Amino acid sequence: MKKLNRKNTGIEKQLPIKIVQFGKGNFLRAFVGYAIQKLNTAHDFNAGIAVVTAIDQSPVSTLETQDGLYTLFQKGFQNGCAVEEKELISNIVKTVNPYHHYANFLALAQEAELRFIVSNTTEAGIVYRETDSLELQPPISFPAKLTVLLYRRFVHFKGAPEKGVAILPCELINYNADKLKEIILRYSSDWQLGSEFNDWLQAHCSFHNTLVDRIVPGYPKEDLPIYQKELDYEDELIVTSETYFLWVIEGDATLSAILPFHHTDLDVPIVADLQPYRTRKVRILNGAHSCLVPIALLYGIETVKESVENSFTGTFIRNAVINEIIPTLPMHRSELEHYAATVFDRFKNPFITHYLASIALNAVSKFKVRVLPSILAYHALNRNVPKHLTFAFACLIRFYQGTWQGTPLPVKDAPEIVSFFKNIWKSNHIPTIVQGVLENTELWDEDLNKIEGLANALCIALQHLEEKGVEKGFRHYSTAKA
C-alpha cells in the first residue's frame with residue numbers, strides 16, 4: 001500500500017500560510033484542521049496552516065513525513081441514526097519544531113499573509129513562567145513563545161497595522177484569550193519591549209475568547225485494521241471524532257468578514273458574549289456527565305452510553321436536565337431543549353466508549369462547577385431543592401465512601417479530599433456526614449448548610465439509598481416528605 005504524502009495523492013498545491021497553530025494533537029487536527037478544510041472547500045479561503053510543536057519532541061515527526069496530510073473519520077449519532085464520514089485533510093503546509101529549528105520558528109513572523117493564531121496547549125498551557133526570557137531559544141511557555149513571535153512580526157513589518165493577527169486560543173479555560181493577552185502584556189513589560197509594541201498589540205491584534213465542543217477519541221489504535229481497510233494509502237495519523245461540532249467565538253462583524261464560517265455548514269457562531277454558550281455546555285453536557293457518574297456507577301453501569309440507554313438512569317438524567325437544569329438557564333427553552341437532545345444523541349454514540357470511571361476523576365470539583373450552580377439556581381427560583389440533582393448529590397457523597405455493596409469504587413481525587421471523605425464516613429451517622437460535607441467551604445466555597453432544605457433532603461436521600469439501593473431508594477426519596 002502506498003504511503004500517504006502529497007506526491008502519491010496528487011495534492012501538491014502550496015497554500016499560503018495564513019494560520020500559525022500551536023499544537024499538533026488529535027483535537028486540533030480534528031477540530032481546527034477540519035474547520036479550515038471546510039472553509040477552503042466551501043469559500044476558497046485558501047489558507048494553509050503552519051503547525052508549531054508545543055513541546056520538545058523528535059526533530060522529524062510523522063506529520064512531516066506525510067507532508068501534513070491525515071484522514072479524519074467522523075462517526076456519530078444524529079436524529080436517531082448512525083452517521084459516518086471520512087475526509088483527507090490537506091491544509092497543513094508546514095511543521096516547525098522551535099526546540100530544534102528555532103530560526104524556522106522566528107521566520108513564521110515574516111509570513112506576509114499570516115492572519116490567525118490558534119492553539120490548544122491544554123488547560124495548563126496558558127501560564128506565566130517567570131523564568132522565560134526573550135533570550136531563550138525557545139522560551140518554555142506557550143504565551144512566551146507567542147510573545148516572541150508577535151514581537152518579531154511587529155519589528156519586521158515596522159508596526160504596520162495590516163500585519164496584526166487575530167488570536168483564537170482553544171484551551172478549555174474560561175476567558176482563554178483574555179488570560180493569554182494578559183500574560184503576553186506581562187512578558188512585554190518584563191522584557192521591556194516598548195510602548196509602541198504594546199500599542200500595536202492592543203490596536204491591531206485581536207484576542208477572541210472561544211468555546212470548543214467536540215469529542216475526539218483520537219488515533220484508533222485498537223480498531224486500526226478496520227479504518228485502514230477503508231483507505232487506499234497507509235496513514236499513520238488517522239484521527240477519529242464525533243460528528244458534532246461547535247466553535248463559539250467572541251467577535252464582531254470584522255471577525256466574521258475575515259473568518260467567513262457563515263459560508264459553511266459548520267456551527268461557528270461569532271457572538272459578542274460566549275458566556276451563555278459556555279454556561280449551557282457546562283450545565284447541560286458536563287452537568288449531565290457529573291450527575292451520571294455517582295448514580296450510574298452505584299447502579300452498576302460502566303459507560304455513558306449504557307447510562308442514557310438504561311430505563312432508570314436514562315430517564316433520571318433526562319428529567320434532571322429537562323426539568324431542573326434547563327429552567328435555570330438564561331436562554332430560550334426551545335434552544336436549550338434542542339441542545340439537550342443533541343447531547344443525548346452524543347451520549348448514545350455507538351462509536352465512542354466513554355467510561356464513567358474516567359469522568360470520575362476529581363468528581364467533587366467537577367460537581368461544584370457543573371451541577372451545584374444548577375441546584376442553587378433552582379432553589380433560588382422555586383424555594384425548594386431539585387429532587388434529581390439532590391439525589392445525584394447524595395450519590396456523590398456515598399460514592400466517596402469508597403465501596404458499595406462490597407465492591408471498590410473508582411474514587412480518584414486529591415489525597416486531601418479522599419482523606420476528608422474517608423474520615424467523615426467513619427461516624428456512619430448520616431446527619432453528621434451531611435453536615436460535615438456541606439460545611440466544608442474548601443470544597444464548595446460556601447457553607448451549603450445555609451441552603452434551606454438541602455441538608456434534610458440529602459439525609460433522606462442517603463438513608464433511602466443505603467436501605468433500598470439506587471432505584472428503589474430514589475423512588476422512596478422522591479415521594480418522601482421533607
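Author: Two strands pair if DSSP finds at least two bridges between them. Helices (H or I, at least four residues) and strands (E, at least two) are DSSP runs, numbered from the N terminus. You're looking at a predicted model, so local features need pLDDT of at least 70, side-chain atom pairs need 80 or more, and totals for chains, interfaces and linings use all residues. Residues count from 1 along each chain as its sequence is written, and side-chain values use heavy atoms, without hydrogens or water.

Reader: How many helices and strands does the chain have, before we get into detail?
Author: For scale, the C-alpha atoms fill a box of roughly 70 × 55 × 40 Å along the principal axes. Within the chain, the secondary structure comes to 22 helices and 16 strands.

Reader: In what order do the strands of the six-stranded sheet run?
Author: This sheet is open, and its pairing is parallel. Go across it and the strand order reads 6-3-2-7-8-9.

Reader: Which strands stand at the edges there, and why is one side of each left without a neighbour?
Author: An edge strand here has a single partner strand, so one of its sides has no neighbour in the sheet. That is the situation of strand 6 (92-96) and strand 9 (206-207).

Reader: Which residue in strand 6 is the bridge partner of Ile-49?
Author: Start from strand 3, which covers residues 48-52. Strand 3 pairs with strand 6 in the parallel sense over four bridges. For Ile-49, the partner on the strand 6 side is Ile-92.

Reader: What is the strand order in the sheet of three strands?
Author: That sheet is open too, but here the pairing is mixed. Strand 10 (210-213) and strand 14 (270-271) stand at its edges with a single partner strand each, so each has one side without a neighbour. Put together, the order is 10-13-14.

Reader: Which residue of strand 13 stands opposite Thr-210?
Author: Strand 13 takes in residues 246-250, and its pairing with strand 10 is antiparallel. The two share four bridges. Across from Thr-210 you'll find Ile-249.

Reader: On to the voids: what is the volume of the largest cavity?
Author: Cavities are sets of points on a 1 Å grid, over the protein atoms alone, where a 1.4 Å probe fits but cannot get out. Volume is the space filled by probe spheres set on the points, which are joined across faces, edges and corners. Searching the whole structure turns up three cavities of 30 Å³ or more. The largest of them comes to about 60 Å³.

Reader: Which residues line that largest cavity?
Author: A lining residue has an atom within 4 Å of a point. By that rule, the lining of the largest cavity is Ile-215, His-289, Val-304, Arg-346, Phe-347, Asn-349, Ile-352 and His-354.

Reader: And which residues line the second largest cavity?
Author: This one has a volume of about 40 Å³. Its lining is made of Ile-19, Ile-36, Phe-116, Val-118, Leu-168, Trp-247 and Leu-259.

Reader: Which residues lie nearest the centre of the second largest pocket?
Author: A pocket is an open set of points with protein on both sides within 12 Å along at least five of seven lines. The second largest pocket has a volume of about 580 Å³, and 29 residues line it. Nearest its centre are Gln-78, Thr-243, Tyr-244, Phe-245 and Thr-342.

Reader: Which element gives the most to the lining of the second largest pocket?
Author: Several elements supply at least two residues each, among them helix 2, strand 4 (70-78), strand 5 (81-89) and helix 10 (275-299). Helix 13 (333-347) is on that list as well. With seven residues, the top contributor is helix 13.

Reader: Now the backbone: where is the cis peptide bond that has omega near 5°?
Author: Look in the loop between strand 7 and helix 5 (142-156), where Pro-138 lies. The cis bond leads into that proline, running from Gln-137 to Pro-138.

Reader: What is the phi of Asp-67?
Author: Asp-67 sits in the loop between helix 3 (62-65) and strand 4. Although Asp-67 is not a glycine, its phi is positive, at about 55°.
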